[in-house]
Amino acid sequence: MSRVYNFSAGPSMLPLAVLEQAAKEMTDYNGSGMSVMEMSHRSPVYESVIAETEKDIRTLMSIPDNYKVLFLQGGATTQFSAVPLNLMKTGKADYIVSGQFSGKAAKEAEKYGAVKVIASSKDKNFTYVPYVGDFSDDADYVHICWNNTIFGTAFNYIPETGTTPLVADMSSSILSQPIDVSKFAVIYAGAQKNMGPAGLTVVIVREDMLGMSRPETPVMLDWKVQAENDSMYNTPPCYSIYVAGLVFKWILALGGLDEMKKINERKAAVLYDYLDGSKLFKPTAVKENRSLMNVCFVTGNPDTDKKFCSEAAKAGFVNIKGHRSVGGMRASIYNAMPVEGVELLVKFMEEFERSNA
Ligand SMILES: Cc1ncc(COP(=O)(O)O)c(C=O)c1O
């Protein structure tokens, strides 16, 4: 059986080389006589897996020494719930709502204090990312979602929040290009798009953000506790961490995030250039906020969209249906999607356009 081009928004494609390596090591990891799935997280062999994984993400993202890297369970949803618990010390927080997940994050924070939505792009069904230049200086933090997976938009600027900590959900963009970590107080991301299997959530947190948690914070959601225990207050998502480690090594071998960015820009350009010239398909996001990772487009006719998705799947381009709040199609072209996957998709779209003109 041959592999399909999987355009799923998450969980998503993983690099074939990573899957093959994991398969090779499935029953005997590094001479241990067991799978990583079977070993104690407190064993020396596993300790070296997690230590190496942390070292590699630090190298890839140039994470400064005054940041902790946590490997946690619970997904990005658990982490956006943990943000107010850890940071809302005076009960005020600012949120930029540029899509569904940032909206959900703001709603969750409302349980703990006064949430101000300082900007929203809901007025145009989240087809753009609002620009905010001024921030109140009494908020405990400002929360953004860097890449809006459902709507295919992304920030094209880092908000200048002054001394107010900036917190970013980077679930669908982490490791897609270099980012200046020092501009953020906290970055969190679910692994299941650009890092590895679901079940792992990476939190990169500046040390001065630790130790402010609210008294009711569940112990598992307290970043200070997790940092003090090297992400092992309880059993961490061992196997997902190991696969993420293989993905980090794959990106390092490609040349790191500068190279990854070039490849991602090439892939996105192939698709957006075609969409800009197409008479059948229209991209939905405004040009200046187009995501490199999630490309959303429509024909304007739900029946044609449906026909396209079904024929695309038959041709080996799967999971291309858009989220129900946008309709149409969404091609998620994360790091693991090869350039030829996008080129072949565009070829298929051209043929579909010709026969459905
Ligand atoms: C940007 C973003 N944030 C949050 C989430 C929710 O992630 P999880 O399912 O890991 O809780 C997703 C899921 O797709 C996402 O794309």
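A residue counts as near the ligand if its C-beta atom, placed from the backbone, lies within 6 Å of it. This is a predicted model, in which local features need pLDDT of at least 70 and side-chain atom pairs count only at pLDDT 80 or more, while totals for chains, interfaces and linings use all residues. Residues are numbered from 1 along each chain as its sequence is written.

**View A. The shell around the ligand.** The ligand is surrounded by G10, G75, A76, T77, F101, C145, T149, D169, S171, S172 and G190. Helix α3 (residues 75-87) gives the largest share, three residues. Helices (H or I, at least four residues) and strands (E, at least two) are DSSP runs, numbered from the N terminus. By class, the shell holds three nonpolar, seven polar and one charged residues. Here Ala, Val, Leu, Ile, Met, Phe, Trp, Tyr, Cys and Pro are nonpolar, Asp, Glu, Lys and Arg are charged, and the others, Gly among them, are polar.

**View B. The cis peptide at G10 and P11.** The bond joining G10 and P11 is cis, with omega about -10°. P11 sits in the loop between β1 (5-6) and α1 (16-24). G10 is also one of the residues around the ligand.

**View C. Where domain 1 meets domain 2.** Domain 1 covers 16-253 and domain 2 covers 256-355; the bounds come from an automatic or database domain assignment. Contacts (C-beta atoms, placed from the backbone, within 7 Å) link 23 residues of domain 1 with 24 residues of domain 2. On the domain 1 side, β7 (153-154) and α6 (238-254) each supply at least two residues. That side has ten nonpolar, twelve polar and one charged residues.

**View D. Helix α8 and its two faces.** D305, F308 and A312 are the buried residues of α8. They cover an arc of only 65° around the axis, so they lie on the same side of α8; the arc is that of the directions from the helix axis to the C-beta atoms. Buried means 20 or more other C-beta atoms within 10 Å of a residue's own, exposed 12 or fewer, partly exposed in between, with C-beta atoms placed from the backbone. The buried residues pack against β12 (294-298), β13 (317-318), β14 (329-332) and α9 (339-355). Exposed D303, S310 and K314 are on the face turned away from the buried side.

**View E. Positive phi at N125 and D230.** N125, not a glycine, has a positive phi near 45°. N125 has 12 C-beta neighbours inside 10 Å, so it counts as exposed. D230 is not a glycine either, and its phi is positive, about 50°. With 16 C-beta neighbours inside 10 Å, D230 is partly exposed.

Key: Contact = placed C-beta atoms within 7 Å.
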